Amino acid sequence: MPISETSTQQSAAPATNRAGLRVGVVGCGYWGSKHVRVLHTLEMVGTVAVIDPNPDRALQLSRNYPALEAYKDLDEAIPHVDAVIIATSPSTHKPLALKAIAAGVHVMVEKPLATTAADAREMIAAAKAAGVVLMVGHTFEYHSAVWQLREMVQNRELGKLYYLETARLNLGLYQRDCNVLFDLAPNDVSIVNYVLGDMPVSVQCWTSRHANPQLEDVAYLRLHYMDPDVTANIHVSWLNPDKVRKVTMVGSEKMVVFDDLATQERMKVHDKGVSRPPRLVDELTEPPMSYRYGDVVLPHLVMNEPLMVEDEHFAECILTGLTPLTSGANGLAVVEVLEAAQMSAREGREVLIEEIAGKPEKGSADQHRETMSRLRGR
């Protein structure tokens, strides 16, 4: 029943507001509340349910969405939902997802999919056996600017790609059950994997604990890719004075910067670079390289709301049987990198992804093009 100011309890036979999927959001904090808002706009979704032990969260959301249904936990909600979005702390992702999957409920899990690659594989196997959709919330893979970065790499618009660099920094928020690596790095690992169309072959990672002796709050990752042969550097931090969300790609012909926090000029393509002189000279006064400075181009971006595209894609996959763009295998690929990074930081060495046993299956290029075409057409 809809939530009222005097009651946040659900009746045994909840009313469906309109025809469509019944979707529950497990955990209605920062990200969960955003999913609630988006789900209310989707025609494919008929009923939205809040699944949270804190009744105040449901009550607060109900002021904007009066038709919300509320349940105190997943066990109570399962008989009344077709799908759930799990937006709780990372350590709870696996048990909650497995419980929903066992009941035949479709699942989307916010990043990271799991805290270990073994757990992610168990979730994938369970979803396959149950015949339900398992999707991971790698939201930036539904961002139009990230789509454009991928196209630039595929079309070799930057020339030979030299390196990529990302920064995801802020003062907080410290998490209770995971370090900065598992909190922030999943976004950038998924972006780089998606833009390059591959996953790295090895990872090096350096972490530090400053403000909290139990949790790493600063991390640097170096990811090595084979196709294309390029290195990506990722910096994540909970201990930075400025909020930064930036991706930089440097090539032999051009360079591009994507600043997700910029209100204008979010993406800039710099026509600049360096090259060796036509002939080598012995004069120490001669510069060893020549520099080229050209125009700065601001590509036209048809801005979307990535979370809207992501949630709509989840609903479409449930209704049509389409494999999600960010499937369980996609989530596993990121978790494998995170686990390798954790091992690298602990052991002080470069770690091959092969050491984290079990490669994710890759989707076909044709399927990816078809999925992207459907998403862009909205």
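**View A. Strand 11 and strand 12 pair in the antiparallel sense.** Welcome to the first close-up: five bridges hold strand 11 (residues 239–251) and strand 12 (residues 255–259) together. Two strands count as paired if DSSP finds at least two bridges between them. Helices (H or I, at least four residues) and strands (E, at least two) are DSSP runs, numbered from the N terminus. The model shown is predicted: local features need pLDDT of at least 70 and side-chain atom pairs count only at pLDDT 80 or more, while totals for chains, interfaces and linings use all residues. Residues are numbered from 1 along each chain as its sequence is written, and side-chain values use heavy atoms, with hydrogens and water left out. To get from strand 11 to strand 12, follow the hairpin of three residues. Look for Val247, whose bridge partner in strand 12 is Phe258.

**View B. The side chains of strand 12 alternate between two faces.** Val256 and Phe258 point to one face and are buried; buried means under 20% relative accessible area, exposed over 50%, and partly exposed in between (1.4 Å probe, protein chains only). Met255, Val257 and Asp259 point to the other face, and these three are not buried. Strand 12 also has a partner in strand 13 (residues 267–275), with four bridges in the antiparallel sense. Phe258 is a handy landmark here, as its bridge partner in strand 13 is Met267.

**View C. Strand 10 meets strand 7 and strand 9 with two kinds of pairing.** Strand 7 (residues 161–171) and strand 10 (residues 229–237) run parallel and are joined by seven bridges. Strand 9 (residues 218–226), in contrast, pairs with strand 10 in the antiparallel sense, over nine bridges. A hairpin of two residues carries the chain from strand 9 to strand 10. Val236 of strand 10 is a good place to pause: Arg168 is bridged to Val236, and Ala219 stands opposite Val236 as well.

**View D. Nine strands form an open sheet.** Step back a little, and the strands can be read off in the order 14-13-12-11-7-10-9-8-15, with mixed pairing. At the edges are strand 14 (290–297) and strand 15 (351–352), each of which pairs on one side only. Strand 15 is joined to strand 8 (residues 202–208) by two bridges in the antiparallel sense. Within this pair of strands, Val203 stands opposite Val351 of strand 15. Helix 9 packs on this sheet and touches strand 8, strand 9 and strand 15. Contact means heavy atoms within 4.5 Å. The direction of helix 9 makes about 60° with that of strand 8. For helix and strand directions, axes are lines fitted to C-alpha atoms, for helices over the stretch in contact, and angles run from 0 to 180 degrees between N-to-C directions.

**View E. Helix 7 and helix 9 cross.** The axes of helix 7 (residues 180–196) and helix 9 (residues 328–347) come within 9 Å, and they cross at roughly 125°. From helix 7, the contact is made by Leu181, Phe182, Ala185, Pro186, Val189, Ser190 and Asn193. From helix 9, look for Ala333, Val334, Val337, Leu338, Glu339, Ala341 and Gln342. Asn330 also lies in helix 9. With a relative accessibility of 19%, Asn330 counts as buried. Leaving aside residues up to four places away in sequence, Asn330 touches Val136, His138, Glu141 and Leu325.

**View F. Six strands form a second open sheet, with parallel pairing**. Their order is 3-2-1-4-5-6. Strand 3 (69–71) and strand 6 (134–137) each have a single partner strand, so one side of each is left without a neighbour in the sheet. From one strand to the next, the twist averages 25°. Within the sheet, strand 1 (residues 21–26) and strand 4 (residues 83–86) share four bridges in the parallel sense, and Val25 has Ile85 of strand 4 as its bridge partner.

**View G. Helix 4 and helix 8 lie against strands of the six-stranded sheet**. Helix 4 (residues 93–102) lies across strand 1, strand 4 and strand 5 (106–110), and runs at about 170° to strand 5. Helix 8 (residues 306–320) packs on the sheet too, touching strand 1, strand 4, strand 5 and strand 6. The direction of helix 8 makes about 155° with that of strand 5.

**View H. The whole chain has 10 helices and 15 strands**. Of its 378 residues, 50% count as buried. Among contacts in the chain with a separation of 6 or more, 68% come from residues 24 or more positions apart.
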